[in-house]
Amino acid sequence: MSPLILGIETSCDETAAAVIQDGCRILSNVVASQADLHARYGGVYPELASREHMLKIIPVIDTALRDAQVSWRDLSALAVTHGPGLAGSLLVGVNAAKGIALGQNLPLLGMNHLEGHIYANWLDAGLPYVAQTEDVFPLVALIASGGHSSLVLMRGHGEYTELGHTIDDAAGEAFDKIARLLGLGYPGGPAIQRAAEAGDAAAFKLPRAQTQRPYDFSFSGLKTAVLNLTKKLDARALLVNDIAASAQAAIVDMLVEKTQRAAETCAARMVLLAGGVAANQRLRERMRARVACPVLYPPPKLCVDNAAMIASAATWHYRARAHSGWDLDVIPNLKLTLAVMSG
Amino acid sequence: MSSHPDAVAAKRRLEILSANVEMTRALGEQLGARLERGDVIALQGDLGAGKTNFTQGLAQGLAIVEDVNSPTFILANEYFSGRLPLYHIDAYRVADAAEADAFGLDDYLNSDGVTVVEWAERVRAALPSDVLWLTLDYRGENERRLEFSAYGEQSAARLDELKHAIGS
């Protein structure tokens, strides 16, 4: 029987629930975004976020079941993100999941948010769930979002080796901070991409940081270089667009260079992009142009936080019977290597 | 200008013009090497002023081996590989002192380690009175002005040691 899993995701500012069949078929995917609320404040405010999660979690889960036209009895298991993320936000999802799993007598699967991002590539038109394991592994995944930037080598389902990570800001955070410096608003990624369309990416020569370890990232020097530009130049719209385009090009170059190097060294059969930054058009184009093996990325709505990706990743844990206990706790700085399955 | 309400009431002050990122980091390292259990360092300064750079140096001074990266996303990073635990807090997304309480800032401040709070001015009321306050200002492409103010016995002692170490 093909597993039917309800996923719950509340690690940051999206309250999300989804029902996934067989790890790849989306029966429902509900996301209640707080983006509008947080945009007013220029970012995610943790306490505001947990209050919103509390209000939305039950209606969102109800809607996910209704959209999927399934009842509790049809489900095989319940999966929930327990890290990394904001402690208060994670807690809302984990507590709801525990209560439901206990009440409905369903296995509980505590999931790593980063693993979810990778598995967004298995959904729908992405990688087929059925077999083909030998065809895609080893693969290199670039996870780049507002809170994370890392390169991960996958030798099989659930087998993760972190090759490198950011030593200062996450890529999405770099977009956010540079957008703030340029007065482009929040979230920074889409704002910079929009401004960059009207700008010249070669207008300013911005630094591409080298790091001591080959697969690490560093974006703090770029942020300072943009700061210096804004101090030197007056803020005419034309220049803002040129700076945005040049900064976007620098971030993308750094991400592409490290990923390409990792894919080559690890003899990767495939490169997967994951996380909110994977929605960036320039990143997608440059990566495909530079990397020799196939490059896959989810559609934009599956790049950002959602619960479908959590349920997809959970399918493998469910098959391996890697259930969580009732003592499942939130781990705000959960690392991907801890997510290796026992089965 | 320090925006600490009792700026004039500081027990000790120290003003340094840092020539570049390396120097800001080195100052952090010098301070980190002298920190003791329960010390609280408050950092104030705009984007790109060098708060995280200073903290990275400070972590090195505590002999922490992990990378110290931005805590913006999860609010607090914890490091246990050094001489003392380091709690690195980013209050940019914390609205006020009441919210700081809600996420457990107090637990860090009263812990067995060293606490560094970036964007400290947002949660000033939640910080202890004996705090070492560092304001970083943009002065030029590379230059930053660092102003330390110590507001109690413990922080004054630490600032004295730092002054002594750098021969200031």
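**Exercise 1. Against which elements of chain B do the buried residues of H2(B) pack?**

Solution. The coordinates come from a predicted model.

Step 1. Locate the helix: H2(B) covers residues 51-61, and 10 of its 11 residues are buried.

Step 2. List the covered positions. The buried residues of H2(B) are Lys51(B), Thr52(B), Asn53(B), Phe54(B), Thr55(B), Gln56(B), Gly57(B), Leu58(B), Ala59(B) and Gly61(B).

Step 3. Find their surroundings. These buried residues of H2(B) pack against one helix and several strands of chain B: helix H1 (21-32), strand E2 (40-44), strand E4 (86-90), strand E5 (114-118), strand E6 (132-138) and strand E7 (144-150).

Step 4. Look past the end of the helix. Ala63(B), which follows H2(B), has a positive phi, near 65 degrees.

Step 5. Check the confidence. The average pLDDT of chain B is 91, and 95% of its residues score at least 70. For the complex, the predictor reports an ipTM of 0.88 and a pTM of 0.91.

**Exercise 2. Determine the strand order of the five-stranded sheet in chain A, and identify its edges.**

Solution.

Step 1. The sheet is open, with mixed pairing, and its order is E3-E2-E1-E4-E5 (chain A).

Step 2. Strand E3 (25-33) and strand E5 (108-112) of chain A each pair on one side only, which makes them the edge strands.

Step 3. From one strand to the next, the twist averages 20 degrees.

Step 4. Add the helices. Helix H2 (residues 46-68) of chain A packs on this sheet and touches E1, strand E2 (14-21) and E3 of chain A; the direction of this helix makes about 20 degrees with that of E2(A). Helix H12 (residues 308-319) of chain A lies across E1, E2, E3, E4 and E5 of chain A, and runs at about 130 degrees to E1(A).

**Exercise 3. Describe the pairings of E4(A) and the connection from E4(A) to E5(A).**

Solution.

Step 1. Take the E1(A) side. Strand E1 (residues 4-9) and strand E4 (residues 77-83) of chain A run parallel and are joined by four bridges. Gly7(A) has Ala79(A) as its bridge partner in E4(A), and Ile8(A) has Val80(A).

Step 2. Take the E5(A) side. E4(A) and E5(A) also run parallel, joined by five bridges. Here Leu78(A) has Leu108(A) as its bridge partner.

Step 3. Follow the chain. The path from E4(A) to E5(A) goes through helix H3 (residues 87-104) of chain A, and this β-α-β crossover is right-handed.

Step 4. Check the burial: seven of the seven residues of E4(A) are buried.

**Exercise 4. How many disulfides does a search of the whole structure find, and why is Cys12(A) not bonded to Cys303(A)?**

Solution.

Step 1. The count over all chains is zero disulfides.

Step 2. Test Cys12(A). The closest cysteine sulfur is in Cys303(A); because it lies 16 Å from the sulfur of Cys12(A), it is too far for a bond. The cut-off for a disulfide is 2.5 Å. Cys12(A) has 7% relative accessibility, so this residue counts as buried.

Step 3. Test Cys266(A). The nearest cysteine sulfur belongs to Cys293(A) and is 10 Å away; Cys266(A) is in no disulfide. With a relative accessible area of 18%, Cys266(A) is also buried, given that the threshold is under 20%.

Note on methods
Residues numbered from 1 in each chain as written. Chains lettered and ligands numbered in written order. Predicted model: local features only at pLDDT ≥ 70, side-chain atom pairs only at ≥ 80, totals over all residues. Heavy atoms only, no water. Pairing = 2+ DSSP bridges. Helix = DSSP H or I, 4+ residues; strand = E, 2+ residues; numbered from the N terminus. Axes fitted to C-alpha atoms, helices over the stretch in contact; angles between N-to-C directions. Contact = heavy atoms within 4.5 Å. Buried < 20%, exposed > 50% of the residue type's maximum accessible area, 1.4 Å probe, protein only. Right-handed = clockwise from strand over helix to strand, strands pointing away. pLDDT = per-residue confidence, 0-100.
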